[in-house]
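Here is a walk through one protein fold, taken a step at a time. Keep the model open and turn it as you read.

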Amino acid sequence: MDGKSKPGVPYGGMTDTWAKKHRLIYIGATRHPFILSIRDGTVDLSAFKRWLGQDYIFVRAFVPFVASVLIRAYKKGDESSGDMEVILSGLGSLNDEIAWFKQEASKWGVDLSQVAPEKPTQHYCRFLEELMRPEVDYTVATAAFWAIETVYQESFAHCLEEGSKTPPELQEACQRWGNDGFGHYCSSLRNIADRQLEKAASGSEPLVKVSEDVVSKAEVTFLRVLEYEVDFWNMSCGTAGHSAAPKP
């Protein structure tokens, strides 16, 4: 993820601790059968098309979430570490990502104007809206942001590894999130999240009244991201029975 460590091999911060502690669900999100079917060349292309349409809806909802993280970075981020610049680069890239989805949908004959959000997509987008609430701490938001991006990076990078049989027509999709540059970006997000978590855990964040509560909320948010990601993959390949229970 950072050019020195391989995807899936964490480096030692609190996010590393979480990935190890919750390894079963972490692997479930980053090595889901949908991803493995792409890697081994057996993916049902109708499942890929379903994913394409639903993820387009999600990405559009993801834009205001990232914008809200950027605002928090302006107010509470570490200026010397370039939090704003990292997050701004991610926000800017989403314009190209939306354009890519439209182009890809046209190629596959998916009419995005006719795609309705399925329940897992609705729940995940509602979760993003929860994270945009003013009371959500910057530390919690950065943990979620890192987790969302990292699941895709590790998943699609797996489809590009030596020995994979990813269909040629899906290589571009895998490259979009599985490339080294996106891995470096996820590493930067991880560094932001870990730095904020370290501050909260040490009680050095002046505006955090109960630092342990912030860390706990961030970990719960991390788990919810993984659950929603598994649900999203399940939906894509038509697997019945979604795991994440949306909050009322």
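What follows goes from the overall fold to the helix pairs, then to the core and a few single residues.

Before anything else, keep in mind that this is a predicted model. The protein has 10 helices and zero strands, so if you read along the sequence you get the pattern α-α-α-α-α-α-α-α-α-α. Of its 248 residues, 52% count as buried. Now look at who touches whom: among contacts with a separation of 6 or more, 81% are between residues 24 or more positions apart.

Next, the helix pairs. Two packed helices are described by the angle between their axes and the distance between the axes. Start with helix 4 (residues 45-76) and helix 5 (residues 83-108), whose axes lie 9 Å apart at an angle of about 160°. Angles over 145 degrees count as roughly antiparallel, and helix 4 and helix 5 are therefore roughly antiparallel to each other. Helix 4 passes helix 5 in a left-handed crossing. Sort the residues of this contact by class and you find 24 nonpolar, seven charged and no polar ones.

Helix 4 has another partner to look at, helix 6 (residues 119-131). Their axes come within 9 Å and cross at roughly 10°, which makes helix 4 roughly parallel to helix 6. On the helix 4 side, the contact is made by Gln54, Ile57, Phe58, Ala61, Phe62, Phe65 and Arg72. Helix 6 brings Thr121, Tyr124, Cys125, Leu128 and Leu131. By class, that comes to nine nonpolar, two polar and one charged residues.

Now move along to helix 7 (residues 138-158) and helix 8 (residues 171-178), with axes that come within 7 Å and cross at roughly 135°. That angle makes helix 7 oblique to helix 8, and the crossing is left-handed. Tyr152, Gln153, Phe156 and Ala157 of helix 7 meet Ala173, Cys174, Trp177 and Gly178 of helix 8. Six of the residues in this contact are nonpolar, two are polar and none is charged.

With those pairs in view, turn to the inside. In soluble globular proteins, nonpolar side chains tend to be buried together. Here the largest nonpolar core has 74 residues. Those with the most contacts inside it are Trp51, Phe62, Phe65, Ile87, Phe145 and Phe156. Helix 4 gives the most to this core, with 14 residues. Several names should look familiar: Phe62 and Phe65 also sit in the contact of helix 4 with helix 6, and Phe156 is part of the contact of helix 7 with helix 8.

Zoom in on Phe62 for a moment. Which residues does it touch, not counting those up to four places away in sequence? The list is Leu94, Leu128, Phe145, Ile148 and Glu149.

Finally, try two residues that are not buried. Lysine 119 is in helix 6, and it counts as exposed because its relative accessible area is 57%. Its C-alpha atom is separated by 9.4 Å from that of phenylalanine 232, although the two residues are 113 apart along the chain. Leucine 36, in helix 3 (residues 33-39), has 33% relative accessibility and so counts as partly exposed. Leaving aside neighbours within four places in sequence, leucine 36 is in contact with Arg31 and His158. The C-alpha atoms of leucine 36 and lysine 165 are separated by 9.9 Å, with their positions 129 residues apart along the chain.

How values were computed:
Residues numbered from 1 in each chain as written. Predicted model: local features only at pLDDT ≥ 70, side-chain atom pairs only at ≥ 80, totals over all residues. Heavy atoms only, no water. Axes fitted to C-alpha atoms, helices over the stretch in contact; angles between N-to-C directions. Helix = DSSP H or I, 4+ residues; strand = E, 2+ residues; numbered from the N terminus. Parallel < 35°, antiparallel > 145°, perpendicular 65-115°, else oblique. Left-handed = near helix turned anticlockwise from the far one by under 90°. Nonpolar A, V, L, I, M, F, W, Y, C, P; charged D, E, K, R; others polar. Core = buried A, V, L, I, M, F, W, Y, C linked by side-chain atoms within 4.5 Å. Buried < 20%, exposed > 50% of the residue type's maximum accessible area, 1.4 Å probe, protein only. Contact = heavy atoms within 4.5 Å.
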